[in-house]
Amino acid sequence: DFIDATDWSSISNPWQLSNWKGSPFTMVWGVPMVPCGSSSTQCATNVPDFDAVANGADNGYFKTPAQHLVDNGFGSSYIRLGWEFNAGWMGWAVCNSDGSALTSWAGDFVPAFRNIVTTMRGVSPDFKFIWNPIDSSNAACSGDRLENFYPGDSYVDMVSLDAYDGIGG
């Protein structure tokens, strides 16, 4: 399931947990790295928010949902953090919304990912984190090299690639 990206409150206190509480499934949660102003994760990157996540100022916004996950029985979930970050339409994208070029905040992705992982693992060391780029004919950021956005083996438990043969046409 995906955590609502409307605002920090929605990310910090996921309403979706009650839908899955008590289920026999190992959950995979899509966790947004910044809010988008709506439940959709397709929005322009809020650069000040992304900067604050990268420098650790917003770590508390990730400690709270981690605690909610643990309290609801999801302390060993997979966390699909900042999925499809190389798609320009994601709120934590490393390129412009039209996918045309890497942006000045591209350097925020790795430190932001690491800060979130460290914060959430401080609540439950059993969380498993997924690094999840996208591969699509219309979603590549010009000039991106995925290896530049890999946070490192100590922050990533699984690598997953979203592959599409085309989105929207």
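## A parallel sheet, its helices and a shared core

Glutamate 84 is found in the loop between strand 2 and helix 5; helices (H or I, at least four residues) and strands (E, at least two) are DSSP runs, numbered from the N terminus. This is a predicted model, in which local features need pLDDT of at least 70 and side-chain atom pairs count only at pLDDT 80 or more, while totals for chains, interfaces and linings use all residues. Residues are numbered from 1 along each chain as its sequence is written, and side-chain values use heavy atoms, with hydrogens and water left out.

Let us stay with Glu84 for a moment. Most residues other than glycine have a negative phi. Glutamate 84, although not a glycine, has a positive phi of about 55°. At 7% relative accessibility, this glutamate counts as buried, where buried means under 20% relative accessible area, exposed over 50% and partly exposed in between (1.4 Å probe, protein chains only). Another positive phi, of about 90°, belongs to glycine 56, just after helix 3.

### The sheet

Now to the strands. Four of them form an open sheet in the order 1-2-3-5, with parallel pairing; two strands pair if DSSP finds at least two bridges between them. At the edges stand strand 1 and strand 5 (158-159), each with a single partner strand, so one side of each has no neighbour in the sheet. The table walks through the pairs.

| Strand pair | Bridges and sense | Residues opposite each other |
|---|---|---|
| Strand 1 and strand 2 | 4 bridges, parallel | Valine 31 and leucine 81 |
| Strand 2 and strand 3 | 3 bridges, parallel | Tyrosine 78 and lysine 128 |
| Strand 3 and strand 5 | 2 bridges, parallel | Tryptophan 131 and valine 159 |

Helix 5 packs on this sheet, touching strand 2 and strand 3, and its direction makes about 165° with that of strand 3. Here and below, contact means heavy atoms within 4.5 Å. Axes are lines fitted to C-alpha atoms, for helices over the stretch in contact, and angles run from 0 to 180 degrees between N-to-C directions.

### The core

In soluble globular proteins, nonpolar side chains tend to be buried together. The largest nonpolar core here has 42 residues, and those with the most contacts inside it are Trp29, Met33, Ile79, Leu81, Phe109 and Met120. Such a core is a set of buried Ala, Val, Leu, Ile, Met, Phe, Trp, Tyr and Cys residues joined through side-chain atoms within 4.5 Å. The elements giving two or more residues to the core are helix 1 (8-12), strand 1 (28-31), helix 3, helix 4 (60-71), strand 2 (78-81), helix 5 and strand 3 (128-131). Helix 5 gives the most, with 8 residues.

Isoleucine 79 is a good place to look around. Not counting residues up to four places away in sequence, Ile79 touches Trp29, Val31, Leu69, Met120, Phe127, Lys128, Phe129 and Ile130.

### Helix 3 against helix 5

The axes of helix 3 (residues 47-54) and helix 5 (residues 109-123) come within 7 Å and cross at roughly 55°. That makes helix 3 oblique to helix 5; angles under 35 degrees count as roughly parallel, over 145 as roughly antiparallel, 65 to 115 as roughly perpendicular and the rest as oblique. Helix 3 brings Phe50, Val53 and Ala54 to the contact, and helix 5 brings Phe109, Pro111, Ala112, Asn115 and Ile116. These residues divide into 7 nonpolar, 1 polar and no charged. For that tally, Ala, Val, Leu, Ile, Met, Phe, Trp, Tyr, Cys and Pro count as nonpolar, Asp, Glu, Lys and Arg as charged, and the others, Gly among them, as polar.

The buried residues of helix 3 are Asp49, Phe50, Ala52, Val53 and Ala54, and their cover includes helix 1, helix 4 and helix 5.

### Buried loop residues

Valine 34 lies in the loop between strand 1 and helix 3 and is buried, with a relative accessible area of 0%. Leaving aside its neighbours within four places in sequence, valine 34 is in contact with Trp8, Ile11, Asp49, Phe50, Val53, Gly91 and Trp92. Valine 34 and valine 53 are 19 residues apart in sequence and 7.8 Å apart in space, C-alpha to C-alpha.

Proline 133 sits in the loop between strand 3 and strand 4 (134-135) and is buried, with a relative accessible area of 2%. This proline brings us back to the start, for among the residues that proline 133 touches, not counting those up to four places away in sequence, are Glu84, Phe85 and Asn86.
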